[in-house]
Structures are given as structure tokens and as C-alpha cells.
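Got your viewer open? Here is a short tour of selections to make, one stop after another.

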Amino acid sequence: MAGIGFEIRKILERKTFVSIIEAYGLAGIISSGPWVLSVIGVLIIGLASQSLIEDQNLIVQYLVSVTYLMACSLILTGLLQLMFTRFIADRLYEDKDGIILPNLMGAIWLVTFVSSICGSLVLWLLFEENLRYELLMLANFVVLCNLWIVIIFLSSMKVYLKIVWMFFLGYAIAVLASVALSGFGIDGLLLGILLGHSFLFFSFFYTIIREYPGSSFLRFDFLRIDQIFISLAFTGLFFNLGVWTDKFIFWFTDNTSQHIIGPLRASVIYDIPIFLAYLSIIPGMAVFLVRMEADFAEQYDRFYNAVRNGDTLKHIKYQKSRMVYTVRQGIYEIFKVQGITVVLLLLWGREILELVGISPLYVRLFYIDVVAVSMQVLLLSILNVFFYLDCRRMALSLCTLFMVSNLLLTLLSLELGASFYGYGYAIAATLSSVVGLLLLSRKLDKLEYETFMLQ
């Protein structure tokens, strides 16, 4: 499903400085758009509303509410994201494009039903806020859950400029609507972000309809027993839990957090540096989309086409060596580009924090978090290769290691004191990436043997 990567790579073929900036800029926006643009959009809404809302606590409540919506929607849909991606990729390979849209409709109906039930139960059991706030939280949660499902298709589509404009328009609508409705307090801010995310969802959904016309309206083939990959469901769940585990621990530890609204808590000491650090993933994610999605996907196809078409062993080994070289170069480029980003932020991190009005006391934790999110980008690239090679158990083991190590090391960092905050997440991401590299190296060494002997 690396169609958009191939299109962006065509820009690089012009071999000009402008084309390089254009290609990697577009790739960075598309690959990290759901993460980074949402962070930027929410922060802009918060900053723009400060002069319009007298009670600054309402802005904090809004920021925390949206953060929980993001976290919980990603964790819930993590059960379906990878499993549904595999289903769509298999149908594309089989040239069964006609059943893709009906199954997407089925997935949307399923996600809407499950997220509505789960959201309603949580609001009913844990919240005692006004009805408007609870209804807006529920609506935002359902829309976000569906948005993560349709975003699955972005990598397979080739209309990259349209996707970039949709991202910008969606968050522009969110910012403008939130500021315009800020007079209604937190309800107006939540309605604004709901309008922006709803625009993104329906725009992406319309684009998918144009790309994949369906043969029927509604199907649930992806839930058939022979189409369900349980390992992929838990891989998606454990990865998202791994990403958010340290945040939840800091949020619900009394010494590091404070009550915000309803049952929701936040950790001022931990939240600001980590969410700013996530902005640094744009360069690495751009390389990931162009090199790992497009270049590796092409070499992957050549290797397995050589196997299926009965080419000579010499040619099969040559294609395998090219594929391994592409993996190494892709990981090396991600490491290099993200490493340069880390070095620049280490040099100018204090000045950047002062520029955005954040105390330099956060700078040490900011440095740790920048390294941590950079290792997370590397982990994503390794997992991507495992998914292509159908190493589902390895991917599941890696995500389990990431989740468990982040949980245990973050708890340990709390026991050791404030000077160790952030190290749990950073060490967990680094450990998982190093183990992933070792497993990937071993897998690639005996790839042709397993390709033939395990059939």
C-alpha cells in the first residue's frame, strides 16, 4: 500500500534542491500529519484562546480532554488498524478492489458502534459534567476512532497534494471554529475541534470512494474467521499502549499530576516536553515514507516476483541482496536524519523552549524525550519491514517488549526521582529498536531459506 510513496519519489527524480525539499516536505506532512498536525492545531487553539477566555483553567481542561480523546481512540482502534490494513492489502493484491469500499463501510459501522458504547459507558460511570460537555466528548471520540480507520488508506492513494491540502484545511477549520466559538468556553473549543476532525474524516472518506468504487454497500468480510489475524490485532493494541503507558502512569500518580476535569488528570512536568518532542519526528517520518514504504516495497516486489516466476537462484539471491541493501540504507537514512534533528535540538533546545514561552527547567526532560521519540520512529520502520515479510510473531513480540518495558521502567523512574523522569520511555524505545534490529538482521540472513523451505 505504498502508492503515495512512489508518487512522492517521482518528485525526487528531478534531482534539484527544490524537488528534494518538496518531496520530503510533503512526505513529512502526510506521514506524520495525524500526529504532528493534531498537536500543533490543538496548541494553536489553546494559545489563540488565551486572550478570549478569561478562565484559563477552561483552556487547560480543553487541552487535557483532547489529549485523552487522542490516546483512548488510538488504543481502542489499535485492535483493528493493522488487522484491517492487512485485509485491504490482501484484497488489493488479489485485484478484488470492488469489496474494499463495502468492507470499509462495515469497519466504520463497527467502530462507530463499539466506540459509542465504550464512550457512553465511560462517560456515564466516571464523569459528572454537564450534558453538552459529555456529548461533545462522545462525538469527538467516535469521529477520531473513525478517522484513524480511514487514514489507513492514505498510503495507498496517489493524490498526495489533495491529502496535504485536506490536512491543512481540516486543522484550519478546527482552529478558526474553536477561536470563533471560544465564547462558549470549553464546549465551544470542543465543537471547533469536532468540526475540523469531521471535515478530515468525510474528506478522506470521499476520496476513498472515488478511488475504490464498491460492488455493494456493506460487507464484513474482514471479520471472517479466515481473515482475522489475532496477532496483528494485539500488535496494534500493544504498540499504542506502549506509546501511551508512560503518560498514563504520570497522569495518575499523585506526586506528578493534578486533577483537571472529571476523572481526567494531567502531569505538567511531563506533558509539555513530550508533546513538543513529538514535533521532531517530521524529518524521520518523511524518510520513512519515501525510503521504507516506496523503495523497500519496490525491492520486496522484485524479490518475491523472482521467486514466484521461477528465476535462477543467482538472480533470486541478487534481488534479495538488493532488498537487504534497501532496508539497511533506509534505516541508516532514518537514523542519520533523525540523529541530525536530535543534535540540533540538543544544541538549541533551551532557546526553542524560551521562544515558545516555556520554562528552561523543562529542557533536560525535553532532551530525553527527543531521543525517545526518535527511537520510536526507528522502531516503526523496523515493524514496517516485519509486516511486509509477514513476521507477525516478531512484530507482536517487539510491541509487547515495548509496552512492558515502558511500563516497568517508567514505574522505576518514578521511584528513583525527578532526575530520572523520561528515561523509562527512552530506554524502552531504544531497547525495542535494538532488539528489533537484531531480529531483523537474523530474519534477512535466512530469508531465501525460509521462503522456500517453509512453503
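## Starting inside

Select Phe239 and Phe402 to begin: both are buried. Keep in mind as you click around that this is a predicted model.

Those two rings make a tilted aromatic pair, with 6.0 Å from centre to centre and 35 degrees between the planes. Follow the backbone out from each and you'll see that the pair ties together distant parts of the chain: Phe239 belongs to helix α8 and Phe402 to helix α13 (residues 392-416), 163 residues apart.

## Zooming out

Now show the whole chain as a cartoon. You should find 15 helices and two strands. Colour by burial and 56% of the 455 residues come up as buried. Of the contacts between residues at least 6 apart in sequence, 79% join residues at least 24 apart. Switch to a surface view and the chain exposes about 20600 Å², with carbon and sulfur atoms supplying 67% of that.

## More rings

Back to aromatics, of which there are 23 pairs in the count. Pick Tyr68 and Phe252 next: their rings meet edge-to-face, 6.4 Å centre to centre and with 85 degrees between the planes. This pair also links distant parts of the chain, since Tyr68 sits in helix α3 while Phe252 is in the loop between α8 (230-251) and β1 (258-261), 184 residues apart. Which of the two partners is buried? Tyr68 is, at 6% relative accessibility; Phe252 is partly exposed at 44%.

Add Trp244, Phe248, Trp251 and Phe275 to the selection, and you have a cluster that ring pairs link together with Tyr68 and Phe252.

## Charges at work

Ten salt bridges turn up across the whole structure. Go to helix α3 (residues 56-93) and select Arg86 and Asp90, which lie four residues apart, about one turn of the helix. They form a salt bridge, with their closest N and O atoms 2.9 Å apart. Then add Asp390 and Arg392, another salt bridge, here with 2.7 Å between the closest N and O atoms. Asp390 is partly exposed at 36% relative accessible area, and Arg392 is too, at 24%. Put the four side chains on screen together: Arg86, Asp90, Asp390 and Arg392 are linked in a network of salt bridges.

Stay on Arg86 a moment. What ring does Arg86 lie over? The face of Phe229, 4.5 Å from the ring centre. Arg86 itself is partly exposed, with a relative accessible area of 22%. For a second charge over a ring, select Arg91 and Phe87: the charged end of Arg91 is 4.8 Å from the centre of the Phe87 ring.

Next stop, Arg132 and Asp187, a salt bridge with the closest N and O atoms 3.0 Å apart. It spans distant parts of the chain, from Arg132 in helix α5 (residues 131-150) to Asp187 in helix α7 (residues 186-211), 55 residues apart. Check the burial of each end: Arg132 is exposed at 56% relative accessible area, whereas Asp187 is buried at 10%.

## Out on the surface

While you're in helix α7, click Phe202. Is this side chain buried or exposed? Phe202 counts as exposed, at 54% relative accessibility. Its C-alpha atom is 9.9 Å from that of Asn146, a residue 56 positions away along the chain.

Last selection: Phe113, Val114, Ile117, Leu121, Val122, Trp124, Leu125 and Leu126. Together they form a nonpolar surface patch with about 830 Å² of accessible area. Val114, one of its members, lies in helix α4 (residues 100-126) and is partly exposed at 30% relative accessible area.

Note on methods
Residues numbered from 1 in each chain as written. Predicted model: local features only at pLDDT ≥ 70, side-chain atom pairs only at ≥ 80, totals over all residues. Heavy atoms only, no water. Buried < 20%, exposed > 50% of the residue type's maximum accessible area, 1.4 Å probe, protein only. Contact = heavy atoms within 4.5 Å. Areas by Shrake-Rupley, 256 points an atom, 1.4 Å probe, with all protein chains shown as cover. Patch = residues over 30% accessible without salt bridge, like charges linked within 9 Å, V, L, I, M, F, W, Y side chains within 5 Å. Phe/Tyr/Trp six-rings, centres within 6.5 Å; stacked < 30°, edge-to-face > 60°. Lys NZ or Arg CZ within 6 Å of the ring centre and 35° of its normal.
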